[in-house]
Amino acid sequence: MARIFQEESHTFSEYLLIPNLTTQACQSQNVSLRTAITRYRKGQREQALSINIPLVSAIMQAVSNHTLAIALAKEGGLSFIYGSQSAESEAEMVRLVKSYKAGIVSSDSNLRENNTLEDAVKLKNNTGHSTIAITSDGTNSGKLLGLLTSRDYRLSRTAMNTEVKDLMTPISRLVTAKEGVSLTEANDIIWEHKLNQLPIINEKGNLVGLVFRKDYDSHKDHPNEILDRRKRLLVGAGINTRDYKERVPLLVQAGVDVLCIDSSDGFSEWQYETISWIKHNYPNIPVGAGNVVDVDGFNYLADAGADFIKVGIGGGSICITRETKGIGCGQATAVYNVARARDAYYEKNGVYIPICSDGGIVHDYHMTLALAMGADFIMLGRYFARFDESPTKRMVVGGKYVKEYWGEGSNRARNWQRYDEGNNKGGMLFEEGVDSYVPYAGSLALNVNNSLAKMKATMCSVGSLTIPELQAKARLVRVSATSIVEGGAHDVILKNSQSVDL
Ligand code: RVP
């Protein structure tokens with residue numbers, strides 16, 4: 001006999017937070033949004049992988065490539081590079097994030113000395129980087145012969161067929177540092193000689209890497225950025241339950257920090273097997289799993305060894321899984337129920353497994369509600385798709401700037417690994433997602449900081465300086481349909497009805 005749950009499931013818009021006492025210490029600058037995203041044993045929270053803001057970007061073609069991953073990691077959050085591409089190109093995106101800022105980065109723009117200015121300009125347009133290392137073999141580890149930067153030529157005056165050896169600053173006039181130099185020493189040399197970049201070479205004169213002045217400044221501008229021990233930005237990657245034995249090794253080789261199995265329904269034996277294989281072969285690489293919406297799904301993946309568990313089925317803005325398959329649960333109820341399962345698991349086993357609320361964030365305050373209801377961090381697709389750094393094109397539609405945003409279950413993404421049964425039978429028979437536009441919103445940094453300012457203000461109203469404190473203290477109330485209307489501007493004539501909902 002089927003069982004019908006007595007409780008209705010609800011979504012974030014149906015709840016509000018009741019303020020707690022705001023003490024004098026409760027001020028935005030005192031709020032910490034740092035959150036652990038991988039499992040840890042009681043008393044060992046510091047050993048978990050943590051991020052500085054509780055936002056991660058969705059595993060989607062229209063959202064998480066290397067440019068978004070770099071921008072988000074600089075603000076303190078984490079991207080999961082989309083897995084619906086070849087393992088090689090996904091690994092390449094991971095590599096681009098990892099090499100973005102090591103303090104000492106490996107040079108991604110290199111030419112031989114007999115290449116022409118035309119070659120240099122093409123390369124610069126491709127990589128977006130204006131510093132080109134000129135090496136004996138045109139690779140990033142050849143013998144360093146000189147550096148070419150945009151200061152070395154004037155496109156209006158210099159003939160395009162000029163060889164770079166006649167334009168570059170030759171090694172004899174370059175300040176360099178020897179391999180083994182520390183980042184602090186390298187930065188001192190940069191300051192002392194007023195350089196923009198400092199090449200690092202080994203004892204044979206081969207190029208090892210470059211240190212850029214702008215990276216030093218960048219860290220000052222991005223105090224929240226998340227870095228690994230080698231000062232490289234952190235990045236995650238999505239995987240599936242089909243080709244993980246080939247894909248995971250390439251991602252690990254590229255330096256990925258954390259993996260996540262990407263599936264609309266994660267309560268499956270395929271996920272169990274995938275997690276077991278990763279734990280056996282790569283015990284040091286954390287792996288998240290999901291998505292689930294209830295206690296049973298959570299416990300199953302927790303026992304499988306998942307390092308975090310993603311919650312949400314059908315709540316995504318572009319998702320029609322509920323309409324096509326009739327599975328899912330209101331996102332607020334799902335998060336609340338799974339959070340209780342997590343707490344019970346912690347109580348029983350002494351192991352805390354963070355949960356991620358995935359999809360369905362429409363207003364900024366929904367983020368804070370998701371945390372208050374027990375989420376440790378939040379995954380967003382639509383939100384990030386609107387920014388400059390997302391991979392999609394900005395265009396004008398109906399006189400407004402928009403960006404494209406499509407679901408991984410749409411025909412356009414053809415991400416059948418996420419949407420079939422995970423059993424190698426393959427083939428996407430029906431769509432679970434749509435193709436859409438979202439309003440263009442500008443730079444990631446500006447928007448994220450604005451959203452976080454609201455989050456911190458709400459946390460202060462709830463008398464909480466940290467996410468665990470918010471989870472412990474939050475008091476929420478359901479609101480009636482009429483109260484929801486009362487919550488927006490009402491009974492006035494709005495002067496600007498065109499305003500974009502951020
Ligand atoms: P949103 O932030 O509301 O746009 O939701 C993003 C989430 O939607 C993703 O992280 C994923 O879980 C889900 N998704 C992605 N594609 C599809 C689909 O095509 N149905 N759903």
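**View 1. Cys356 faces Phe377 across a strand pair.** This is a predicted model. Phe377 belongs to strand E21. Strand E20 covers residues 355-358, and it pairs with E21 in the parallel sense. Three bridges hold this pairing in the count. Strands of a sheet pair through backbone hydrogen bonds, either parallel or antiparallel. E21 also pairs with strand E5, residues 55-57. That pairing is parallel too, and three bridges join the two strands. Look for Ser57 here: its bridge partner in E21 is Leu380.

**View 2. The side chains of E21 point two ways.** Phe377 and Met379 point one way from the strand. Ile378 and Leu380 point the other way. Are these four residues buried or exposed? Each of them is buried. Now follow the chain from E20 into E21. Helix H11, residues 364-372, joins with E20 and E21 in a β-α-β unit. The unit is right-handed.

**View 3. A shell of 23 residues surrounds the ligand.** Which residues come closest? They are Gly316, Gly381, Gly407, Gly409 and Gly433. Two elements give two or more residues to this shell: strand E21 (377-380) and helix H12 (382-385). The shell has a mixed make-up, with eight nonpolar, 11 polar and four charged residues.

**View 4. Helix H1 is mostly covered.** H1 spans residues 66-75. Nine of its 10 residues are buried. The buried ones are His66, Thr67, Leu68, Ala69, Ala71, Leu72, Ala73, Lys74 and Glu75. Note that Lys74 and Glu75 are on this list. What covers the buried residues of H1? The cover includes strands E5 and E6. It also includes helices H2 (87-98), H12 and H14 (444-461). Just after H1 comes Gly76. Gly76 takes a positive phi of about 110°.

**View 5. Strand E15 is covered on both faces.** E15 runs over residues 236-239. Gly236 and Gly238 lie on one side and are buried. Ala237 and Ile239 lie on the other side, and they are buried as well. Strand E6, residues 78-81, pairs with E15 in the parallel sense over two bridges. Within this pair, Ile81 stands opposite Ala237.

**View 6. E15 also runs parallel to strand E16.** E16 spans residues 258-261, and four bridges join it to E15. One partnership to find is Gly236 with Val258, the latter in E16. Helix H6 is residues 244-254. Together, E15, H6 and E16 make a right-handed β-α-β unit.

**View 7. Val94 is a buried residue of helix H2.** Why does Val94 count as buried? Because 25 other C-beta atoms lie within 10 Å, and 20 are enough for a residue to count as buried. Leaving out residues up to four places away in sequence, Val94 touches Ile81, Val235, Ala237, Leu251, Ala254, Gly255 and Val256. Two of these names, Ile81 and Ala237, appeared in View 5 as opposite residues. How far apart are Val94 and Ala254? In sequence they are 160 residues apart. In space they are 6.1 Å apart, C-alpha to C-alpha.

**View 8. Four strands form an open sheet.** Their order is E8-E9-E10-E11, and the pairing is mixed. Strands E8 (110-111) and E11 (169-170) stand at the edges. Each edge strand has a single partner strand, so one side of each is left without a neighbour in the sheet. E10, residues 144-148, pairs with E11 in the antiparallel sense over two bridges. Here Leu147 stands opposite Thr169 in E11.

**View 9. The protein has 16 helices and 25 strands.** This last view steps back to the whole chain. The C-alpha atoms fill a box of roughly 80 × 55 × 50 Å, taken along the principal axes. How does the radius of gyration compare with that of a compact globule? A compact globule with 502 residues would have a value near 23 Å, and the protein has 25 Å, which agrees. Of the 502 residues, 47% count as buried. Many contacts reach across the sequence: among those between residues at least 6 apart, 63% join residues at least 24 apart.

Note on methods
Residues numbered from 1 in each chain as written. Predicted model: local features only at pLDDT ≥ 70, side-chain atom pairs only at ≥ 80, totals over all residues. Rg over C-alpha atoms; globule rule 2.2 N^0.38 Å. Buried ≥ 20, exposed ≤ 12 C-beta atoms within 10 Å, placed from the backbone. Contact = placed C-beta atoms within 7 Å. Pairing = 2+ DSSP bridges. Right-handed = clockwise from strand over helix to strand, strands pointing away. Near = placed C-beta within 6 Å. Nonpolar A, V, L, I, M, F, W, Y, C, P; charged D, E, K, R; others polar.
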